[in-house]
Amino acid sequence: MAEGDKSRGGGGSRRVQFLGRHIMVKGEYADKLLAGSKTTTIRLGIVKPKYREVIIHGHGRPLAKARITRVETKRVSELTEEDARKDGFNNLEELLEALKKVYGNIKSEDLVTIIELEITQRLDMLPPEDPYMGLEPADIARLSLRYLKALLTDEDIKILEDLTRTNSIRSTATRLYGSIQKRWKIRKTLRKALRLLREKGLIKTLKNK
């Protein structure tokens, strides 16, 4: 179940919605995803993820990195008890009630997309001994651009935006400054972004959880 995704326009239509890098999930459902009792999120309509690796957000912060392992579109009438259990509900009736609560009066012929997720890295249990807390440069960049833009300089933003494309300190240094010798500029911005993410409680290590 998704938070804030209440688009209607006929769930039974074949209009395609695209899902980006970030998945917003309501707090109660986010907790179930982290606990492993929920492994899917169900969206109204035809939803096509653009990326296999995504970041899950809930409780107003990033929670985990995840891998999309399966995407299936079916009609509401075709949902099963197993679909309900995978989505964190006790039975199909509970799932249908939750869908109606989010999307309104859904019909049996409306299409829904089941997105199965595998948590690959929790963002509240990161290794403190790693210089970048086990995160890829692109991960730090994406989180910072989403939550910290008001605290970043124009140069920081330029660096972080490029890192989302390259995921490489060397490549970004070459692309932006013409030399890998400018890697220190990229590292400086990454360290600043990581520090701010920690100070704001957006990511946590095993020690300070």
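1. Helix α4, residues 137-147, lies across three strands, β2, β5 and β6 (61-75). Relative to β5, the helix runs at about 40°. The model is a predicted one, and the points below should be read as a description of that model.

2. The strands just named belong to an open sheet of 5 strands, in the order β2-β5-β6-β7-β3, with mixed pairing. The edges are taken by β2 (22-24) and β3 (40-44); each has a single partner strand, so one side of each is left without a neighbour in the sheet. On average, and with direction ignored, neighbouring strands of this sheet are turned by 40° against each other.

3. The edge strand β2 pairs with β5 (residues 53-58) in the parallel sense, over 3 bridges. Within this pair, I23 stands opposite I56 of β5. In general, strands of a sheet pair through backbone hydrogen bonds, and the sense may be parallel or antiparallel.

4. Turning to charged side chains, the whole structure contains 15 salt bridges. One of them joins K86 and E82, with 3.6 Å between the closest N and O atoms. Both residues lie in helix α2 (residues 81-86), and because they are 4 residues apart, about one helical turn separates them. K86 has 26% relative accessibility and so counts as partly exposed. E82 is also partly exposed, at 44%.

5. D162 takes part in a salt bridge with R165, at 3.9 Å from N to O; the cut-off for a salt bridge is 4 Å. The two residues are 3 apart in helix α5 (residues 154-166), which means a separation of about one helical turn. Their surroundings can be compared by accessibility: D162 is buried, at 4%, whereas R165 is exposed, at 58%.

6. D162 also meets R175 in a salt bridge, here at 2.8 Å from N to O. This pair links distant parts of the chain, since R175 sits in helix α6 (residues 169-177) and D162 in helix α5, 13 residues apart. The buried D162 therefore has a salt-bridge partner in helix α5, R165, and another in helix α6, R175.

7. Elsewhere, salt bridges with shared partners join five residues into one network: R70, E72, K74, D83 and E116. Of these, R70, E72 and K74 fall within the residue range of β6, 61-75, and D83 falls within that of helix α2, 81-86.

How values were computed
Residues numbered from 1 in each chain as written. Predicted model: local features only at pLDDT ≥ 70, side-chain atom pairs only at ≥ 80, totals over all residues. Heavy atoms only, no water. Pairing = 2+ DSSP bridges. Axes fitted to C-alpha atoms, helices over the stretch in contact; angles between N-to-C directions. Contact = heavy atoms within 4.5 Å. Buried < 20%, exposed > 50% of the residue type's maximum accessible area, 1.4 Å probe, protein only.
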